[in-house]
Amino acid sequence: MAESSSKPRIRIREATQADADTIAAIHFGAFEDSIMDQLMFPGGPSADAKQKFAARIFPRPVTDGEAPPKSQTFVYVAKLLPNDESAGTSGEVVAFAKWRLQAEPLPEEEWKKDQFECTTEVFGEGCDITVINAFIGEMTRMSQRLAKGEAALYLGILACTPSRQRLGAGSALMKWGVDLADRLGLPAWVEASPIGYGLYRKFGYQDVDVLDLNITEKWGVTNTDGSNWGANTAVELKGPAPEGVFRTVILRRPPKATTS
């Protein structure tokens with residue numbers, strides 16, 4: 001399996017089923033301090049929730065007689081190599097990213113009927129489906145309305161182990177994605193959490209719209225410790241987020257101009 005590098009100690013490779021549990025652990029570890037994850041999983045992510053997440057990392061195999069999907073999924077992981085190793089296959093998986101490549105545009109009737117499913121069966125025991133639908137469900141529906149089935153590379157999620165941040169793993173995964181979009185001459189879309197917003201802007205993503213979810217009004221939670229709820233993201237587009245609001249930004253990266 002081919003690997004690539006952006007910094008001497010970071011390697012990226014395509015993920016396999018054997019990485020699923022590690023990917024789930026990275027995901028929940030990366031967002032455990034986020035107020036939204038605390039609301040979506042009020043008792044913390046259950047074993048069932050972790051298992052359900054791991055199970056949906058990779059697309060369901062196509063069965064005989066079933067039409068092939070109209071998009072392609074890519075899941076990559078980033079590894080941190082030991083200090084005394086400059087190459088090789090060993091190392092700690094510290095980050096992952098999942099993309100969906102929509103090579104051809106979808107007609108309106110198709111992208112409109114592609115509804116996101118917010119159920120306990122999907123997200124696992126112990127989750128609060130009301131919060132998930134108001135946050136992930138509405139964010140997904142908003143992104144669909146904005147993209148309108150556009151042929152593009154869609155980044156579904158990128159997460160890094162908190163203790164391994166700022167080592168280049170996220171940037172290495174992002175570079176793989178934007179390089180793919182550029183080779184194909186396609187735009188790219190992402191829904192940015194407050195913590196990921198700066199990374200996406202660094203790679204050329206531009207603000208399109210925001211989801212301002214007033215969690216103080218809805219669930220009575222206030223930001224007493226100055227956590228990053230996205231107040232200063234997409235300010236030029238929408239102004240500072242009001243107090244009590246958690247802001248998610250939807251961004252689009254234009255296709256790279258080709259030279260003749």
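Are D182 and R253 buried or exposed? Both residues are buried, in what is a predicted model. The legends below take this pair and its surroundings in turn.

**View 1. A salt bridge joins D182 of helix α7 to R253 of strand β7.** The side chains of D182 and R253 meet with an N to O distance of 2.8 Å. These residues lie 71 places apart along the chain, so the contact is one between distant parts of it. Both partners are buried. The structure holds 12 salt bridges.

**View 2. Seven strands form an open sheet of mixed pairing.** The strand order is β1-β2-β3-β4-β5-β7-β6. At the edges are β1 (10-14) and β6 (206-214), each of which pairs on one side only. Neighbouring strands are turned by 20 degrees against each other on average, direction ignored. Strands β5 (residues 188-192) and β7 (residues 245-253) are antiparallel and share 5 bridges; here E191 stands opposite I250.

**View 3. Helix α7 (residues 169-184) packs on the sheet.** The helix touches β1, β2 (72-80), β3 (92-102), β4 (152-160) and β7, and its direction makes about 20 degrees with that of β3. Its 16 residues should span 22 Å at 1.5 Å a residue, and the end C-alpha atoms are 23 Å apart, which agrees. Among the buried residues of α7 are A169, L173, W176, V178 and D182. Their cover includes α8 (197-202) as well as β1, β2, β3, β4 and β7. After the helix comes G185, with a positive phi near 70 degrees.

**View 4. Y76 lies in strand β2.** Y76 counts as buried because its relative accessibility is 12%, below the 20% cut-off. Leaving out residues up to four places away in sequence, Y76 touches I12, R13, E14, A15, A95, F96, A97, W99, L173 and W176. Of the 9 residues in β2, 7 are buried. This strand pairs in the antiparallel sense with β1 over 5 bridges, and I10 stands opposite L80. On β3 the pairing is also antiparallel, with 9 bridges; the bridge partner of T73 there is R100. The C-alpha atoms of Y76 and V249 are separated by 23 Å.

**View 5. The largest nonpolar core has 43 residues.** Those with the most contacts inside this core are I23, M36, F53, F96, F135 and I215. Helix α6 (residues 129-147) gives the most to the core, with 7 residues. Beyond its neighbours within four places in sequence, F53 is in contact with I23, A24, H27, F28, F96 and I157. Another core, of 36 residues, lies apart from the largest one and includes L80, L173, V178 and V249.

**View 6. E138, R141 and R145 are linked in a network of salt bridges.** Between R141 and E138 the closest N and O atoms are 3.3 Å apart. These two residues are 3 apart in helix α6, which means that about one helical turn separates them. R141 is partly exposed at 22% relative accessible area, and E138 is partly exposed at 23%.

**View 7. A salt bridge joins R252 to E150.** The closest N and O atoms of this pair are 2.8 Å apart. R252 belongs to strand β7 and E150 to the loop between α6 and β4, 102 residues away along the chain. The relative accessible area is 24% for R252, which is partly exposed, and 22% for E150, also partly exposed.

Methods:
Residues are numbered from 1 along each chain as its sequence is written. This is a predicted model: local features need pLDDT of at least 70, side-chain atom pairs count only at pLDDT 80 or more; totals for chains, interfaces and linings use all residues. Side-chain values use heavy atoms; hydrogens and water are left out. Two strands pair if DSSP finds at least two bridges between them. Helices (H or I, at least four residues) and strands (E, at least two) are DSSP runs, numbered from the N terminus. Axes are lines fitted to C-alpha atoms, for helices over the stretch in contact, and angles run from 0 to 180 degrees between N-to-C directions. Contact means heavy atoms within 4.5 Å. A nonpolar core is a set of buried Ala, Val, Leu, Ile, Met, Phe, Trp, Tyr and Cys residues joined through side-chain atoms within 4.5 Å. Buried means under 20% relative accessible area, exposed over 50%, partly exposed in between (1.4 Å probe, protein chains only). The expected span of a helix is 1.5 Å times one less than its number of residues. A salt bridge is a side-chain nitrogen of Lys or Arg within 4 Å of a carboxyl oxygen of Asp or Glu.
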